[in-house]
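Trainee: I'm new to this one. Could you pick a single part and take me through it closely?

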Amino acid sequence: MTSDEHYLIGHIQDVLSADPRTCKQDITIYIREGTLWLMGQTSTEERRQTIESVVVELAPDMGVRNEIRVLEVLPPTEAEIIPP
Amino acid sequence: MIRVAAIGDVHFSEDSRGRFRAQWERTHESADVLLLAGDLTQHGDPAQAEALADELEGIGVPVVAVLGNHEHHEGHEEQVRQVLERRGVRVLEGEVTTLDLGGRTLGIAGTKGFGGGFVGACCHKFGEPLMKAFVQHTEELAARLRENLASLDTDHRVALLHYSPVEATLVGERLEIYPFLGSYLLGEAIDAAGADLVLHGHAHRGSEKGVTPGGVPVRNVAFPVLRHAFAIYQLEEPRRLAKTA
């Protein structure tokens, strides 16, 4: 990874954190052979796609591989007993 | 015995509608109260709070919440609070509430909390005014939390936070960001005043279970950690000694 790519990751993470479209601080980004790899998890497919769109805006000349996972809401499990 | 359901970091927006509803509308079957540990909205838009309130409509148990850092992003945190309170959610910002749940009382002291880090690797009130203000904010919230917990004369007491009071529930996050995820000052306040349980969110990559140095159970209920609609914690009664003849 070049120094330019290193700082690009930093700037993309800044935007993903503060941009109201995303507000996402926990996306891991790697650059491998000119492609941005996005990893992490989010709540909906719409948000997964929005994150990718914002990244494409910031790095239009690079490929993007979106490996962000959408979290399913599972039913609650048994109660944990908290002793006195 | 009181059953506490808890979840944090649901980050509601228009596109969240319906995600939790099927599980939340059955909350009354398994819990007596639902606590929300901050980051209720995606970026603090009051319309996002309305979407959350719609999802919580008629779930049949009291709902108590604290705000998180996301509610502060656009500076509309007061409107977010007003929306939620108007829709029946009790929001605690350095405040307490007491609930009578089937004859047992539950006291909840709630605060967003803030960062600063943990013993041996934390920020201090030294140098630039911005750094002093950062630490001062946490100190003030922690002092209020301590007073509020101590003021509760209830069968059970729960501290409801957004930021973490201990490192144990941050395990999984990068060590470098611990000072932005919580503060030992919150843990110190809880240990000084006492509590049955501490609930917090904020650390999406953290761990569910921890304990304060003084022995109070701490649970990180951030949705990305739990991956369930909520967790349930059953607060047991102290065992009574049998009467002897």
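Mentor: Sure, starting with a term: a disulfide is a pair of cysteine sulfur atoms within 2.5 Å. The model is predicted, so local features need pLDDT of at least 70 and side-chain atom pairs 80 or more, while totals for chains, interfaces and linings use all residues. Residues count from 1 along each chain as written, chains are lettered from A and ligands numbered from 1 in written order, and side-chain values use heavy atoms, without hydrogens or water.

Over all chains there are 0 disulfides. Take B:Cys122: the closest cysteine sulfur, in B:Cys123, sits 6.9 Å from its own, too far for a bond.

Now look at where chains B and A meet. Chain B brings 35 residues to the contact and chain A brings 30 (contact means heavy atoms within 4.5 Å). About 2,800 Å² is buried between them, with carbon and sulfur atoms giving 51%; that is accessible area (1.4 Å probe) lost on putting the two parts together, summed over both. On the chain B side, B:Asp15, B:Arg19 and B:Arg227 lose the most area to chain A, together 22% of what that side buries.

Charges meet here too: 3 salt bridges cross the interface (a Lys or Arg side-chain nitrogen within 4 Å of an Asp or Glu carboxyl oxygen). One of them pairs B:Arg219 with A:Glu80, at 2.5 Å from N to O. In chain B, strand 12 (217-220), helix 7 (223-226) and strand 13 (231-235) each supply at least two residues to the side touching chain A, and strand 13 gives the most, with 4 residues. Helices (H or I, at least four residues) and strands (E, at least two) are DSSP runs numbered from the N terminus.
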